[in-house]
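Biologist: Could you walk me through the cysteines and the sheet in this model? I'd love to look at it together.

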Amino acid sequence: MTVHTTKVLIIGSGPAGYSAAIYAARANLAPILVTGLQPGGQLTITSEVENYPGFAHAVQGPDLMEQMRQQAQNVGSTLVSDIIVSVDLSCRPVRAVGDSGDEYLADTVIIATGAQARWLGLPSELEFSGSGVSSCAVCDGFFYRGKEVVVVGGGNTAVEEALYLSNLASKVTLVHRRNFVRAEAVLRDRLLANPKITVIWDHVVEEVLGDREPVKSVTGVRLRHVATGEMQEISTHGVFVAIGHDPATALFRGQLDMDETGYIAIKPWSTQTSSEVAWCAGDAAQTPQRQAVVAAAMGCMAALEVERFLMERPISSGAEAGADIDQAVAA
């Protein structure tokens, strides 16, 4: 077992985590970033990214995250391949334990654990992920200009995605398993009044259909009526699954204020949580925008806020300025 001691522990390695590491390292705080179960976050399963500033042409999601990882390391961050399984924010210093058995003692914590889109759980959905199946209309809608798309879901997110896509696609079909949408009334009215949107009620997606050669591409979906079991197929170029997200915040339940769905509450115009030693950036936070550029900006904010906090507070963990202490301890 190894005990890692640091001024700043960053949990998570998506755009928020890497951005926080870059700014914290440049502030001479020698942060430790624990990468988690999916190093790089959701962008590592995204194909082309066209809306991240600084790239004249689309960049592959995994390539973008690899560049962020290298940048964080090059400016002095320590990246550890581990998964944090417990955190005690009541301790001073904060104590976290990794799946490896290592312990992490930190003056401050930046939470960048992100969120995961909920999927339908279909093998064909997984097969065509990134090749016609998406969970983000703002990210990928641009690729479907003048084409037909399907949106799956019936809440605010699904309706918002359908309305957004109606500005790009030639036709949008919303597939919902109930006979009414659970979205807010104003969104529901806009949905039903939009001539480019068709709603198929009382149906679920049974299978995503597509070509495998020469490249993978979606060609349609097979739908099943929830009451009769009757099948039908409709053609489409893209499928957008909009049945919600689950924030990766279980570690902090009971320790930090959250909303009813598990997103961590942060102060207005800040990334500060209800704990004075914990900040939250990116998709795990209670924020209306869930985009890579927003997550990166929040990571920057968190690091700058932590730097200011540490300037005003004495070091409690024993970490030396500009240095991270790793102490080997017998298992």
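Modeller: Happy to: a disulfide joins Cys-136 to Cys-139, with 2.2 Å from S to S; a disulfide here is a pair of cysteine sulfur atoms within 2.5 Å. This is a predicted model, where local features need pLDDT of at least 70, side-chain atom pairs count only at pLDDT 80 or more, and totals for chains, interfaces and linings use all residues. Residues are numbered from 1 along each chain as its sequence is written, and side-chain values use heavy atoms, leaving out hydrogens and water.

Biologist: Which hand does the disulfide of Cys-136 and Cys-139 have?

Modeller: Look at the torsion about the S-S bond. For Cys-136 and Cys-139 that angle is about 70°, so the disulfide is right-handed.

Biologist: Why is Cys-280 not in a bond?

Modeller: Cys-280 counts as buried at 0% relative accessibility (buried is under 20% relative accessible area, exposed over 50%, partly exposed in between, with a 1.4 Å probe and protein chains only). The closest cysteine sulfur, in Cys-300, is too far for a bond with the sulfur of Cys-280: the distance is 15 Å.

Biologist: On to the sheet: which strands stand at its edges?

Modeller: Five strands form an open, parallel sheet in the order β10-β17-β11-β12-β13. Strands are DSSP runs of E with at least two residues, helices runs of H or I with at least four, numbered from the N terminus, and two strands pair if DSSP finds at least two bridges between them. Each edge strand has a single partner, so one side is left without a neighbour in the sheet; these are β10 (133-134) and β13 (197-200).
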